[in-house]
Amino acid sequence: MQFTVLPKRCKSLFLADCFAWPLRELAANIIRVVRGAGKSYEIAGQCVSVIKAFQQYRDTVGQWPSSWEIDQALSISREMHGQQTYHEAWQREQARDTVIRGALQVSASRLVGQNTQEQRGRSEMMDGLRELEQIREETRKRAAEEEKARRLSLKARASPSKKRGKRKTLTPRKKPDPDVSF
């Protein structure tokens, strides 16, 4: 079994770092095992590492980590601060997160036989998929409109501008009169 090595005294500015990594490793491995991968043989050792990390945190701080610190350690939301993002990318990421949260809800509910919660997870997953499809359709429409505008622009530049007057209406040709000779 592999144990996470912890510093002798955890005195970083972020004391949550002392327990966050072992906790994240354990959670990630359990999720992978649930989906059919992962290393189930490492779970016991990872649990011991988490307990040691929590105990070290308590010895250093004088209390257990808060719910907020644990929530932050296990959060899967990606931070988008400081990045050049645009509205569509943010919407797409939010929709993907909705799908992920729904899938995790379905998995957790199946493990403990909570059918109502599983249905809620499925609904959340489908909401995220609908959002993604809507974003994809809006992007496709916008791209088609931009391409149409680009082609019209190229066509306008390619053809010399002619003065267009009133078009003459063409009439069908009449057959010559058979009595007339030339």
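In what order do the elements of the protein run from the N terminus on? They run α-α-α-α-α. The model you are looking at is predicted. It holds five helices and zero strands, so a tour of this structure is a tour of helices, loops and the contacts they make.

## The protein as a whole

Let us begin with some overall values. The protein has 182 residues, and 20% of them count as buried. Its accessible surface comes to about 15,200 Å², with 54% of that area belonging to carbon and sulfur atoms. How do the contacts spread along the sequence? If you take the contacts between residues at least 6 apart in sequence, 59% join residues at least 24 apart.

## Three helix pairs

Now for the packing of the helices. Two packed helices are described by the angle between their axes and the distance between the axes. The table gives these values for three pairs.

| Helix pair | Axis distance | Angle |
|---|---|---|
| H1 and H2 | within 8 Å | roughly 155° |
| H1 and H3 | 9 Å | about 55° |
| H4 and H5 | within 7 Å | roughly 160° |

### H1 with H2

Helix H1 covers residues 17–34 and helix H2 covers residues 43–61. Their axes cross at roughly 155°, and an angle over 145 degrees counts as roughly antiparallel. H1 and H2 are therefore roughly antiparallel to each other. The crossing in which H1 passes H2 is left-handed.

Which residues make this contact? On the H1 side they are Cys 18, Phe 19, Pro 22, Leu 23, Glu 25, Leu 26, Asn 29, Ile 30 and Val 33. On the H2 side they are Ile 43, Gln 46, Cys 47, Ser 49, Val 50, Ala 53, Phe 54 and Tyr 57. Sorted by class, the contact of H1 with H2 has 13 nonpolar, three polar and one charged residues.

### H1 with H3

H1 also packs with helix H3, residues 67–74, at an angle of about 55° and with the axes 9 Å apart. That angle makes H1 oblique to H3. The crossing of H1 and H3 is right-handed.

From H1, the contact is made by Phe 19, Ala 20, Leu 23, Arg 24 and Ala 27. From H3, the partners are Glu 69, Ile 70, Gln 72, Ala 73 and Leu 74. These residues divide into seven nonpolar, one polar and two charged. Phe 19 and Leu 23 are worth finding in the model, since they appear in the contact of H1 with H2 and also in the contact of H1 with H3.

### H4 with H5

Further along the chain come helix H4, residues 87–112, and helix H5, residues 115–158. The axes of H4 and H5 come within 7 Å and cross at roughly 160°, so H4 and H5 are roughly antiparallel to each other. Their crossing is left-handed. What classes of residue are found in this contact? The residues of the contact of H4 with H5 divide into eight nonpolar, nine polar and 10 charged.

## A closer look at some residues

Is Glu 88 buried or exposed? Glu 88 is found in helix H4 and counts as buried because its relative accessibility is 13%. Not counting residues up to four places away in sequence, Glu 88 touches Ile 135, Thr 139 and Arg 142.

Glu 138 lies in helix H5. At 39% relative accessibility, Glu 138 counts as partly exposed. Glu 138 and Glu 88 are 50 residues apart in sequence, and their C-alpha atoms are 9.6 Å apart in space.

Arg 32 takes us back to helix H1. With a relative accessibility of 47%, Arg 32 counts as partly exposed. Setting aside neighbours within four places in sequence, Arg 32 is in contact with Ala 37 and Gly 38.

Where does Trp 64 lie? Trp 64 is in the loop between H2 and H3. Its relative accessible area of 42% makes Trp 64 partly exposed. Leaving aside neighbours within four places in sequence, Trp 64 is in contact with Phe 54, Gln 55, Tyr 57 and Arg 58. The C-alpha atoms of Trp 64 and Phe 54 are separated by 6.8 Å, and these two residues are 10 residues apart along the chain. Phe 54 and Tyr 57 are also among the H2 residues in the contact with H1.

Key
Residues are numbered from 1 along each chain as its sequence is written. This is a predicted model: local features need pLDDT of at least 70, side-chain atom pairs count only at pLDDT 80 or more; totals for chains, interfaces and linings use all residues. Side-chain values use heavy atoms; hydrogens and water are left out. Axes are lines fitted to C-alpha atoms, for helices over the stretch in contact, and angles run from 0 to 180 degrees between N-to-C directions. Helices (H or I, at least four residues) and strands (E, at least two) are DSSP runs, numbered from the N terminus. Angles under 35 degrees count as roughly parallel, over 145 as roughly antiparallel, 65 to 115 as roughly perpendicular and the rest as oblique. A crossing is left-handed if the near helix is turned anticlockwise from the far one by less than a right angle, and right-handed if clockwise. Contact means heavy atoms within 4.5 Å. Ala, Val, Leu, Ile, Met, Phe, Trp, Tyr, Cys and Pro count as nonpolar, Asp, Glu, Lys and Arg as charged, and the others, Gly among them, as polar. Buried means under 20% relative accessible area, exposed over 50%, partly exposed in between (1.4 Å probe, protein chains only). Accessible areas come from the Shrake-Rupley method with a 1.4 Å probe; for residues, only the protein chains shown count as cover.
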